[in-house]
Amino acid sequence: MIIFRYLTREILQTMAAVAGVLLLVIMGSRFIRYFATAAEGEIPLDILGTLMLFHLPGFLELILPLAFFLGILLAYGQLYLNSEITVLVACGTSPNKLLQVSLVPATVVAVLVGLCSLWLTPAGALHNEVMLEKQRSQLDFSALTPGRFQDFGGGRTAYTEALTEDDSRMQEVFISERQRRSDGTPSTVVTRAEAGYQTVDPETGSRFLVLSDGERYSVAPGRAQAERLEFGSYAVRLSRDEQSLDLDEPEFVATAALLADNSTSGAAQLQWRLGLPLMVFILTLLAMPLSRVNPRQGRFAKLLPAIFLYVAYLSLLLAALDAIARGSWPATLGMWPIHAAFLAIGLVMTLQAQRKGMSG
């Protein structure tokens, strides 16, 4: 039990450190992308935290297997470097015993990965896609940043000088829109108003931007004349994107529904989700012989080839996911030959290591 707790602690501590660094890098990159989108006025800042939270399971299902793989390599590599594994073997700890000890934390990690891949990740992806689509379709002028021009899509650019304290009303509003006349010729409509606010028609659910005390100019390219309209109150209907979000994409579908899905894309997504927890155990088997290093080599001697092996494994799974979804690879075979191949590689490497007298 002392050896079990010691080895498990070394593996999990190293895995936690690696996972923390990887998660910080990946989430930081995604946050920067969302922040740039929010700065352009496409999404409001107050939903960034929610988006990142629901992206977390998708990050973890890929980070945890790699972090555990590197955790075993680095933790056992340090033990080999300090000759601790040599002492354990001399005291009667067999290679199979070391593998059994490693499989216990591997089971915990596999359960976490399975929880993410089978349930949390599709639910989080669906939640985020619905939220982003809602923001795109609403053309929400409440996301305006005072003092800068912002593009809202559909040829519409808006500017406001200031917002009231509760962000409910805009002051000194400027809106430029590209439209077409009844004869098909293009025109640019520029609207300026002293104030504006958004409202929703309770009967139809349509959203309107109500402007007050301003002018509206319509200018056609190549024409010297312009149409000018003064108004005390003017309502602009905020058009919605007619393209509806396809929520039947396999990545958004719950795992229980995928079990009854006979399509190739559904089968590919199901095998991907089921394969991620299995990947943890196969990586554990691969990491055991790779972790053995000569004290003269240092603990990072086999880190680069191990990473290449992991990248090859993951790349083949992603390629199979795409091939099955396109129908160019039979769904009955699916991704299982890839898992079987790397399982065989792990078994061969482990048997060779044991024949050479190498523990683990």
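1. Contact here means heavy atoms within 4.5 Å. In this predicted model, methionine 279 touches Tyr310, Tyr313, Leu314 and Leu317, with residues up to four places away in sequence not counted.

2. Met279 also appears among the residues with the most contacts inside the largest nonpolar core, together with Ile43, Phe68, Phe69, Leu73 and Tyr313. This core has 64 residues. Two or more residues each come from helix 1 (2-39), helix 2 (48-81), helix 3 (84-90), helix 4 (95-138), helix 6 (264-290), helix 7 (303-326) and helix 8 (336-355). Helix 2 gives the largest share, 18 residues. Apart from this core lies another, of nine residues, including Met170, Ile175, Leu211 and Val236.

3. The sheet is open and consists of six strands in the order 1-2-3-4-5-6, with antiparallel pairing. Strand 1 (150-151) and strand 6 (226-237) are its edges, each pairing on one side only.

4. Within the sheet, strand 4 (residues 186-200) and strand 5 (residues 207-219) run antiparallel and are joined by 12 bridges. Alanine 195 has serine 212, in strand 5, as its bridge partner.

5. Glutamine 271 belongs to helix 6. Is this residue, glutamine 271, buried or exposed? Its relative accessibility is 8%, and glutamine 271 therefore counts as buried, the cut-off being under 20%.

6. The surroundings of glutamine 271 merit inspection. A polar atom of the glutamine 271 side chain lies 2.9 Å from the backbone oxygen of alanine 331. Neighbours within four places in sequence aside, glutamine 271 is in contact with Ile324, Ala331, Leu333, Gly334, Met335 and Trp336.

Terms used. Residues are numbered from 1 along each chain as its sequence is written. This is a predicted model: local features need pLDDT of at least 70, side-chain atom pairs count only at pLDDT 80 or more; totals for chains, interfaces and linings use all residues. Side-chain values use heavy atoms; hydrogens and water are left out. A nonpolar core is a set of buried Ala, Val, Leu, Ile, Met, Phe, Trp, Tyr and Cys residues joined through side-chain atoms within 4.5 Å. Buried means under 20% relative accessible area, exposed over 50%, partly exposed in between (1.4 Å probe, protein chains only). Helices (H or I, at least four residues) and strands (E, at least two) are DSSP runs, numbered from the N terminus. Two strands pair if DSSP finds at least two bridges between them. A polar contact is a pair of N or O atoms within 3.5 Å; within protein, one must be able to donate a hydrogen and the other to accept it, and residues adjacent in sequence count only if both atoms are side-chain atoms.
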